[in-house]
Structure formats: C-alpha cells, structure tokens
Amino acid sequence: MAVTTRRPRRRLKRGKTMTAFHQDSGLAEKRRVERAAKKAQRKPPLRIFVWTDKLALSVPEIDAQHKRWFLLTNAFLRKARLPHTAGATVQRFLAAAVAYAQKHFSAEEEFMRTIRVPDDFYRWHCMAHNAFVERVSALAERCRKGAPGVVEEMAAFMTGWLYRPRGPRNPGE
C-alpha cells in the first residue's frame with residue numbers, strides 16, 4: 001500500500017486555508033485579481049464634513065449658516081453617491097448651493113460692513129465669495145451638459161472651501 005503525502009495547507013487571512021490544488025491551479029491568483037478589480041470599481045470613501053468649535057466665528061447667525069452649509073454638503077454627498085442618483089439631483093443641489101451661497105454671502109458681507117472690518121480684508125472676502133459662486137455655477141453648467149466627475153470635483157472643492165484658512169495669507173493680499 002502506497003503512502004501518499006499531502007502537502008500542508010497554507011494559512012490565509014481570516015483563518016482560511018488554501019489547498020495545494022488551489023495553489024497549483026492558479027485559482028488563487030485569479031481570485032486575487034477579481035477582488036482587486038472589484039475594489040478598484042468601488043467609490044472612494046465618503047468624506048463627511050464635521051463642524052467643530054474651531055470653525056466658529058462666535059457670531060450665532062453666521063455660525064448657524066456655516067453649520068447649515070456642512071449639513072447641506074453632507075446630504076448632497078450622501079445622495080449623489082448613490083448609484084441611481086440622476087444628474088437632475090446634482091443639478092438641483094448645485095442650483096440650491098448657488099442660491100444659498102448668495103443669501104449667506106450677502107448676510108456675511110452686511111455683518112462685515114456693520115462691524116467695520118478693514119477694507120482690504122472686506123474686498124478679499126467678497127472676491128472669495130464671488131469666486132465660490134462662479135465655481136459652483138461652472139460646475140452646475142458642466143453637470144447640465146452631462147460631464148463626468150462633477151460630484152467628485154464638488155466634494156474636493158467643498159473640502160477646500162469649508163476647511164480653508166480664513167482671511168488672506170498676507171496682509172494686503
């Protein structure tokens with residue numbers, strides 16, 4: 001009677017084992033490639049914007065509006081990343097973002113005039129507001145035309161906007 005020796009099983013992640021047959025047949029490599037392909041198709045993790053007290057300006061009305069921005073952006077990102085979300089949903093958000101931005105920016109600029117911030121800072125801040133509206137309007141136009149990547153671009157833009165340092169980097173800038 002012939003004694004057959006069996007190859008030892010190789011340990012894999014999570015306690016799974018692979019038999020010598022699987023090792024020799026190339027199935028392991030095929031499965032690894034399939035898993036990598038599936039992982040590549042997944043969307044990157046969603047960045048959720050979190051309001052912290054460090055972002056507060058200690059002006060209740062303006063802080064409430066800024067908190068609202070965080071809520072709106074998070075809601076948009078959650079909804080827009082669903083596979084069945086239509087471009088119309090993204091367009092509606094972008095249109096609402098422009099409308100809310102104009103309302104918020106006018107309130108913020110009025111507050112800045114009331115407390116008499118320096119003219120250089122006020123002009124810089126107004127330019128930043130105008131640039132925001134122009135950028136979101138451009139994204140809305142690209143979305144309307146069916147351009148790909150608008151949601152990701154909006155997420156990246158909002159990350160930079162919501163977490164940007166406040167004020168010009170150099171005095172008089």
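1. At 73% relative accessibility, R116 counts as exposed. R116 sits in the loop between α4 and α5. Its phi is positive, about 55°, although R116 is not a glycine. Most residues other than glycine have a negative phi. Keep in mind throughout that this is a predicted model.

2. S58 is another residue to check. Its phi is also positive, about 65°, and S58 is not a glycine. S58 lies in the loop between α2 (27-41) and α3. At 65% relative accessibility, S58 is exposed. A glycine, G146, has a positive phi of about 85° just after α5.

3. Now the overall plan. The chain has six helices and two strands. Read from the N terminus, the order is β-β-α-α-α-α-α-α. The strands therefore precede the helices, by the N-terminal numbering of elements. The chain has 173 residues, and 31% of them count as buried. About 12,300 Å² of the chain is exposed, with carbon and sulfur atoms supplying 57% of that area. Among contacts with a separation of 6 or more, 63% are between residues 24 or more positions apart.

4. Helix α3 covers residues 60-80. This helix has 21 residues and reaches 30 Å from its first C-alpha to its last, close to the 30 Å expected. Its buried residues include the aromatic side chains of W69, F70 and F76, along with D63, Q65 and N74. The cover over the buried residues of α3 includes α4, α5 and α6 (150-162).

5. Which residues does H66 touch, beyond those up to four places away in sequence? They are W51, L57, H104 and E108. H66 belongs to helix α3. H66 counts as buried because its relative accessible area is 10%, and buried means under 20%. A polar contact of 3.2 Å joins the side chains of H66 and H104.

6. E109 deserves a close look. This residue lies in helix α4, residues 87-114. E109 is buried yet has no salt bridge. The nearest side chain of opposite charge is R113, at 4.8 Å. That pair does not count as a salt bridge because the cut-off is 4 Å. Leaving aside neighbours within four places in sequence, E109 contacts Y122, C126 and H129. Y122, C126 and H129 are among the buried residues of α5.

7. Helix α5 runs over residues 119-144. It has 26 residues and reaches 37 Å between its end C-alphas, close to the 38 Å expected. The buried set in α5 includes W124, H125, F132, V133, V136 and L139. What covers the buried residues of α5 includes α3, α4 and α6. The cover over α3 in turn includes α5.

8. How many salt bridges does the model have? The count comes to six. One of them pairs R135 with E153, the closest N and O atoms being 3.0 Å apart. This pair links distant parts of the chain, R135 in helix α5 and E153 in helix α6, 18 residues apart. R135 is partly exposed at 33% relative accessible area. E153 is partly exposed too, at 26%.

9. E141 has salt bridges to R144 and K145. With R144, the N to O distance is 2.5 Å. With K145, the N to O distance is 3.9 Å. Salt bridges that share partners also join R135, R142 and E153 into one network. E141 and R144 are three residues apart in helix α5, which means a separation of about one helical turn. E141 is partly exposed at 31% relative accessibility. K145 is exposed, with a relative accessible area of 62%.

10. Last, R144 itself. Is R144 buried or exposed? R144 is exposed, since its relative accessible area is 52% and the class begins over 50%. The side chains of R144 and E141 also make a polar contact of 2.5 Å. R144 and A88 are 56 residues apart in sequence, but their C-alphas are 8.0 Å apart in space.

Technical notes:
Residues numbered from 1 in each chain as written. Predicted model: local features only at pLDDT ≥ 70, side-chain atom pairs only at ≥ 80, totals over all residues. Heavy atoms only, no water. Helix = DSSP H or I, 4+ residues; strand = E, 2+ residues; numbered from the N terminus. Buried < 20%, exposed > 50% of the residue type's maximum accessible area, 1.4 Å probe, protein only. Lys, Arg positive; Asp, Glu negative; His and termini not counted. Contact = heavy atoms within 4.5 Å. Polar contact = N/O pair within 3.5 Å; in protein donor to acceptor, adjacent residues only side chain to side chain. Areas by Shrake-Rupley, 256 points an atom, 1.4 Å probe, with all protein chains shown as cover. Expected span 1.5 Å × (residues − 1).
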